[in-house]
Amino acid sequence: MAFPLLALGRAWYIHRAFIIFTIFMFKRDDAGHEIETIIGPTVKVEGDFAAAGDVVVEGAVSGQLRTEQSLRIGEQAKITANVSAGAALVAGEIVGNVTVRETLEITSTGKIFGDIRTKVLAVAAGAQINGKVEVGEHRARTEPKPREHVPDPNRPPLPKAKLAA
Amino acid sequence: MYLYLYDAQLSGKPFQHALVRVETRLTDLGIGGKISRLSPLKNLRELIHDEVASGVRTVVAVGDDATFLSVVNEIIPYDNVTAGFIPLGGTSVIAAALGIPNGEAACDVIAARRLSRLDIGRANTTYFLSGLRVPSNQASFELDSRYHVKPNAGSFTVLIRNLPPEGWSADAVGRRFDPADGLLEVVIEPPENGGGLFRRRRQSTPSILPCRQIKISGGKSTTVLTDGERVLKTPVTVDVLPGKLRVIVGKTRVF
């Protein structure tokens, strides 16, 4: 009789712990996405632009564009820069290489003239891509090393006369 | 120990009744203190310096936004001094942002003593709490020494905000303008076009760029207005002092 009660009590504690953990995680996530940068259609940004939070671009950016969070490129936006983001939705034009850690979505109006590197790629009909595309988990590339010449100690040395010849 | 600084305009007859009620309420709450009336002949910096030296730890401005801002400007150098605000004599944008009601009701907020550490902006050597305004469209902006922001041709108003901009809805403000996040927000508002006789509509969405430092440069006609309407000539370097101001806030504050 005591065993089912103990199991029920343990299940209740696990359930409560899960709820508390979920609330904590949502609060953290919410706090992490507070800061939002908006580059409006009437503004041009030049230089090394880096943001900690979400970024929405409706105007023009040239140089570098980086964010750890999500990036949204509007239909009228023109980016002449290498772009790096946590996740991205592209409806405008990018001239430069694009690196996205998670998901890159290109809408029907999106244009990317440069290399793409992402984990997940979604491309709508009508989107334009002109460049090399790498999709999936990226591991650090290891070039094969040239084999070093190791002399075999059991092999008899060549005669000196032959060496001289 | 409390110091109450009354604005010069409160010596007029229309405010006498309101002042008596405020003073009575402060005494009832047991937070009465020294009262000093400001005037053009009084040096606020020296007054605060002397009072802090004699043990004052809370300086409460009684008046409008300009009174509070001038007090804030003088207490910034003192880390152990808290600012308070009792708004009297007109609508106060800063009081609304800090969640402080008008007049007598503000005394309860002071007594509750809910403290918050807010960032303070600095434009060259002038401190500001709510923000700056750059009306000229000839100014150029360098943010965080990394990138330049250029509005397209047209008459733009550029705001550099610590507190949420006046007249913005709660949805538009969101959590972007947090005066305790260690950041200032550059807001570039596009020119307005006429949407009718009684309605004005913006052409497009404003740009909002959070940053820590801004360098403003421009032609001779370019000026920068602080929240106390003090005029600064370019070039102006703006930065943020995180958590520099200790202030008493109300429950209904916007951040």
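## A cis proline and two loop residues

B:Pro235 sits in the loop that links strand E17 (231–233) to strand E18 (236–248) of chain B. The peptide bond leading into this proline, from B:Thr234 to B:Pro235, is cis, and its omega is near 5°. Please keep in mind while reading that this is a predicted model.

Two other loops of chain B hold a residue with an unusual backbone sign. B:Asn124 is not a glycine, yet has a positive phi of about 55°. Its loop lies between strand E5 (115–123) and strand E6 (126–128) of chain B. How many other C-beta atoms lie within 10 Å of B:Asn124? There are 13, so B:Asn124 counts as partly exposed. B:Asp144, also not a glycine, has a positive phi of about 50°. The loop between strand E8 (140–143) and E9 of chain B is the place of B:Asp144. With 17 other C-beta atoms within 10 Å, B:Asp144 is partly exposed.

## Chain B as a whole

Chain B contains six helices and 18 strands. Of its 255 residues, 40% count as buried. If you look at the contacts in chain B with a separation of 6 or more, 74% of them are between residues 24 or more positions apart.

## Two domains and what lies between them

The domain assignment divides chain B into domain 1 (2–113) and domain 2 (123–242). Where they touch, nine residues of domain 1 of chain B are in contact with eight residues of domain 2 of chain B. On the domain 1 side, the elements that give two or more residues are helix H3 (65–75) and helix H4 (93–98) of chain B. H3(B) gives the most to that side, with five residues. By residue class, the domain 1 side divides into seven nonpolar, two polar and no charged.

H3(B) is worth a second look for its burial. This helix is mostly covered, as nine of its eleven residues are buried. Its buried residues include the nonpolar B:Phe68, B:Leu69, B:Val71, B:Val72 and B:Ile75. B:Asp65 and B:Glu74 are also among the buried residues of H3(B), and both belong to residue types that count as charged. B:Thr67 and B:Asn73 complete the buried set of H3(B).

## Helix H5 of chain B

Which residues of helix H5 (residues 105–112) of chain B are buried? They are B:Ala106, B:Cys107, B:Val109 and B:Ile110. Seen down the axis of H5(B), these buried residues fall within an arc of 155°, so they line one face of the helix. The cover over them includes helix H1 (16–29), strand E3 (58–63), strand E4 (82–87) and E18 of chain B. That last strand, E18 of chain B, is also the one that follows the loop holding B:Pro235.

Just after H5(B) comes B:Arg113, which takes a positive phi of about 55°. B:Arg113 is also the residue at which domain 1 of chain B ends, as the assignment gives its bounds as 2–113.

## Where chain B meets chain A

Between the chains, 18 residues of chain B are in contact with 19 residues of chain A. Strand E9 (147–151) and strand E14 (207–211) of chain B are the elements that give two or more residues to the chain B side. E9(B) gives the most, with five residues. The residues on this side of chain B divide into nine nonpolar, five polar and four charged.

E9(B) also pairs with a strand of the other chain. Five bridges join E9(B) to strand E2 (residues 43–51) of chain A, and the two run antiparallel. In this pairing, which residue of E9(B) stands opposite A:Lys44? It is B:Lys150.

## Strand pairing and confidence in chain A

Within chain A, strand E5 (residues 70–73) and strand E7 (residues 87–90) run parallel and are joined by four bridges. Here A:Leu71 has A:Ala88 of E7(A) as its bridge partner. E7(A) also pairs in the parallel sense with strand E9 (residues 98–106) of chain A, over three bridges. In that second pairing, A:Ala88 has A:Leu104 of E9(A) as its bridge partner. A:Ala88 is thus a bridge partner of both A:Leu71 and A:Leu104.

A word on confidence: chain A averages a pLDDT of 77, and 62% of the residues score at least 70. Over residues 17–33 of chain A, pLDDT stays under 50. For that stretch of chain A the model has three contacts beyond four places in sequence.

Terms used. Residues numbered from 1 in each chain as written. Chains lettered and ligands numbered in written order. Predicted model: local features only at pLDDT ≥ 70, side-chain atom pairs only at ≥ 80, totals over all residues. Contact = placed C-beta atoms within 7 Å. Pairing = 2+ DSSP bridges. Domains from an automatic or database assignment. Buried ≥ 20, exposed ≤ 12 C-beta atoms within 10 Å, placed from the backbone. Arc of directions from axis to C-beta. pLDDT = per-residue confidence, 0-100.
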